[in-house]
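Reader: I have a model on my screen and want to learn to read it. Please take me through it feature by feature.

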Amino acid sequence: MTRLRLPLLLIARVLNALFFLTTAVYAILTYSPFAYEQFIQPNMIAWLSNFVFLHADFFWLSLCLTLLTLAPHLKSSRVRVLAWTYLIAAAITGVVVTAVPVMPSGNSPVRSVAVALAALIPIAWLGAIDHLSADSPRRRVPDFGRGALGAALAAALVVWAAFAIESPMRLRAAGGVDATVATQLVGAGASFAAHLTAFTIAFLALASSRAARVAPAFMVSIAAGAVLHEVVLAPISVTGIVSWVLSLAIAAAFVTLISGLARQLAPVESRRGPIVALALVPVAAFGVVPALTAFDWGFMLQKLAALGAACVAYAATQALWRARRNETLQGAATMAVPLVVAVMLVHITVAMIVPRLAMWFGDARLRADFALDAYSAADPSYRVLRQFLETDRAEPDDAAFYAYLRANSSLKETVRPVSVDFVRETRPLPARPPDIFLFIIDSLRRDYLSAYNSRVTFTPRLGEFARDSDVFTRVFSRYGGTGLAVPSIWAGALVVHKQYVTPFAPMNALAKLLDADDYRRVVTRDHITEELFGLDDGTSVLDYRVPEMQHTFCGTMSELKDELRAHGSDPRPIFAHTRPLDLHIGNTRFAAVPPGESYPGFFEPYAARVHAIDTCFGEFLDELKRVGRYESSIIVVMSDHGDSLGEGLRWGHGYAIVPEVLRIPLLIRVPTALRAQFAADVTRLAFATDVTPSLYALTGRTPTRPRAAAGVSLYASADADIPSRRHDAFLVASSYGAVYGILAHNGRRLYIADGIEGRDSMYDLSPAGADERIGMTDAERRANRARIREQIADLSAWYGISQSGRP
Amino acid sequence: MTPRFIPGGDLSGGRDAAWPLVLLMAFLLVIRLVPTLTRPPVPADDCSHVSKSDVAALERCLVVRPDDVELMVDLADSLERAGESGRAVSVLRRALDVDPGDGEILRRLERLTVTQTGGD
């Protein structure tokens, strides 16, 4: 048999695995309704869409590469049958994928899972071929003799040190992290113990495999599957049995592949390889992880990079420090047992000391949850270990509560729409209603507007507009993330955690208002307006041919001004609505700042785009004034959610709900003629879901709240009292995952329960924007959890979703 | 020889030993139990939702959270109902120091001041 050169085999296998892994990833993204709606539909990941377009071509390319690697086995080899079968099956599959598009789209969960699982078969198949065709003798691997535990602990130290040394630099660069030297030392200490513990457990688990008569590879697959389930699939709302099946299948396929390649590479084993591999750990800590930060999804990629580095370190130190082959486990015990006990003692000591530091030193910043949350933002290796090792559950029902959140998130069952009606009958108004301009600027933060932050000097036109408008100072989105935030604005109410309940029309209270008053709709076409808002023939569509991620405020305003000019004689009132994506993290993270502009103290690419929006907004107002529509128009400028711009090393919005993601700006200009009729308390807690009922009020109706989950008008008759919201508790949620919160105390108190990472936190939100993490008592935790359960249950009852069978 | 596919290793070559399994179980038990058993005590009050009439609890929570505006507003309410308008005004002024932009506190303070001064 002619052996292919090993580097060629490696390259072919890696490329082949990449192709099939990408196929599986795409299929999994289509399985998750939110991932399909938010990543695939708007073409947010352009290369993935291109990959699907060229899928059949890539398939043949991959098969050709694999053919080269299998050619030596086709004539006479012990894997001849396997190789031929693979090629024949692949050729048939190739013909099928060329003739029929097999890649799934949304709303076909069975097909998505089937394609994902099928895509993993070739990876495992080739792994098996490599394994069986290897010339090297099958080794008793791994070896657990004397020194093996020492090697595992050495790997722990290397990984811990690499990330612990790097983390202060990242924390210094981050905003919103109150990390003193003391908190960093606490974090590094806890991380040290966690690494020793995790690597010892890994060693013991692998060493136990012999006693348990289980192949080590099987245990590795189970562990890797558990990691994928928690770290990768839960954050994209793939949960339950499907998540376990997919996770374990991916893990098994890749363990087989790597195992096979390892046997092929066995003859070229040298000391240099493991040393080079160990050198990759600092590269991961200092190079890869910081590079991933700006476009990560809830720390997922950083955690995977850290785990990859840990696996490499473990394997490399085992290879370097391998004990003599003839040693037995019994012999090793004399050395290993004291070491394991020592690690256990370190673990116990840290577990006892860290929660008491704040009390001993009288410094709240040393509270275990504050210090460790802050530190773990910069140390993904510790962050992921903490996710699995930290079992300091505050409440006995922790697991059940988080399971409840997961079970009520990203629902996949069919849900019937409800009718959201703020008035019993939406009759047309006797007088011509005002024009309405609803500008929801995706990801716009209020602290980048001069109306909210006196340090902002780059939004003069929006500042001028604010002086002529009501600037609501305590406004929040009910949802972190566009997916549910925008529909909830149209509905004027919380919507069930599903993307999406269709038909949406019964819930679209805003559209009902527009229909009643015969508004001429001028609306940007994006995947949500198209799917939910209804762009019928009577709608003038903006941004028709513009890819969604390239929807810019300036581009849309230019089209809208043309619309105003072209249809100036149309007697109907106008409703114009757009959601530009200039500020979306996908557009700002690598954006350049125009030459000559500078925004010190701000995230400059983002600030530059806010400045551009400001200019175009000003020009649009000039046009409105010129055509005589400004005085009689309701103009709303808001965002669907905020964004993290480096706070706590978080970027974008993802599935997190944190203060900077929930806070939004809201500026409403009421037509001059109506101002005397209405009063508003701009300092009262307000939500994006209040905008639609406010439009009902401003157009002359008296909206009544159809359900507790619905919003209320921010405007009341000038002589009426505005009811306080000080003693109410409001449910907020992530659009994309099982993360919920309760906002109370007129918007000052935010409790967050993260059902994905299994931890909770509380913030004191100053109206000025200085958010402070605060501790909570067990009673507070219980009370807030009860409120979350109550409000989810109420929403479920409204939609007729059965709670039976949920935890 | 017929190839046998056991990814990751051959189990047949080593003598078994139970100590790793025993230590693994012990370690997992330690991880599960120790933090719960050694957790320091935390205060019992629900400082987010203290009853408005429980002046003692409100004052206790204000010691823990001296900048909590809602606690201050509720305490001022209770004090006002108990006829202690002077203390209520003082508490509301403290609240306004923390959150000067809160219109509702400002209105309450104005109303209370007017009541105190006899509506002048």
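Author: We will go through disulfides, a helix face, salt bridges, backbone oddities and one chain as a whole.
Author: This is a predicted model, in which local features need pLDDT of at least 70, side-chain atom pairs count only at pLDDT 80 or more, and totals for chains, interfaces and linings use all residues. Residues are numbered from 1 along each chain as its sequence is written, chains are lettered from A and ligands numbered from 1 in the order in which they are written, and side-chain values use heavy atoms, with hydrogens and water left out.

Reader: How many disulfides are there over all chains?
Author: A disulfide is a covalent bond between the sulfur atoms of two cysteines. The rule here is a pair of cysteine sulfur atoms within 2.5 Å. By that rule the count is one over all chains. The disulfide joins A:Cys554 to A:Cys616, with 1.9 Å from S to S.

Reader: Which parts of chain A does the pair tie together?
Author: First, the term: helices (H or I, at least four residues) and strands (E, at least two) are DSSP runs, numbered from the N terminus. A:Cys554 lies in helix H22 (residues 553-566) and A:Cys616 in helix H24 (residues 604-626), so the disulfide ties together parts that are 62 residues apart in sequence. The torsion about the S-S bond is about 95°, so the disulfide is right-handed.

Reader: Is A:Cys616 buried or exposed?
Author: Buried means under 20% relative accessible area, exposed over 50%, and partly exposed in between (1.4 Å probe, protein chains only). A:Cys616 is buried, at 12%. A:Cys554 is partly exposed, at 26%. Two other cysteines can be read by that scale: A:Cys64 is partly exposed at 46%, and A:Cys311 is exposed at 54%.

Reader: Next, a helix. Which residues of helix H17 in chain A are buried?
Author: H17 covers residues 398-407, and its buried residues are A:Asp398, A:Phe401, A:Tyr402, A:Tyr404 and A:Leu405. Look down the axis: they fall within an arc of 150°, so they line one face of the helix. That arc is taken from the directions from the helix axis to the C-beta atoms.

Reader: What do the buried residues of H17 pack against?
Author: Contact means heavy atoms within 4.5 Å. In chain A, the partners are strand E16 (739-744), strand E17 (749-754), strand E18 (759-765) and helix H27 (778-799).

Reader: Now charges. How many salt bridges does the structure hold over all chains?
Author: A salt bridge is a side-chain nitrogen of Lys or Arg within 4 Å of a carboxyl oxygen of Asp or Glu. The structure holds 55 over all chains.

Reader: Which salt bridge partner does A:Arg726 have in chain B?
Author: B:Asp102, with the closest N and O atoms 2.7 Å apart. The pair crosses between chains, from the loop between strand E14 (716-717) and strand E15 (730-734) of chain A to the loop between helix H4 (85-98) and helix H5 (103-116) of chain B. A:Arg726 is buried at 1% relative accessible area. B:Asp102 is buried too, at 1%.

Reader: Where do B:Arg108 and B:Glu104 lie?
Author: Both lie in helix H5 of chain B, four residues apart, about one turn of the helix. They form a salt bridge, with closest N and O atoms 3.0 Å apart. Both are buried. Salt bridges that share partners join these two into one network, which also includes A:Arg726, B:Asp102, A:Arg748 and A:Asp764. The side chains of A:Arg748 and A:Asp764 meet at 3.2 Å, N to O.

Reader: Backbone next. Which peptide bonds are cis?
Author: Most residues other than glycine have a negative phi, and most peptide bonds are trans. Here the bond from A:Gln499 to A:Tyr500 is cis, with omega near -5°. Another cis bond joins A:Thr502 and A:Pro503, with omega about -5°. A:Pro503 lies in the loop between H19 and H20 of chain A.

Reader: What is the phi of A:Ser410?
Author: Near 45°, a positive value in a residue other than glycine. A:Ser410 is buried, at 8%. A:Asp518 has a phi near 55°, also positive, and is partly exposed at 46%.

Reader: Last, how many helices and strands does chain B have?
Author: Five helices and zero strands. Of its 120 residues, 43% count as buried.
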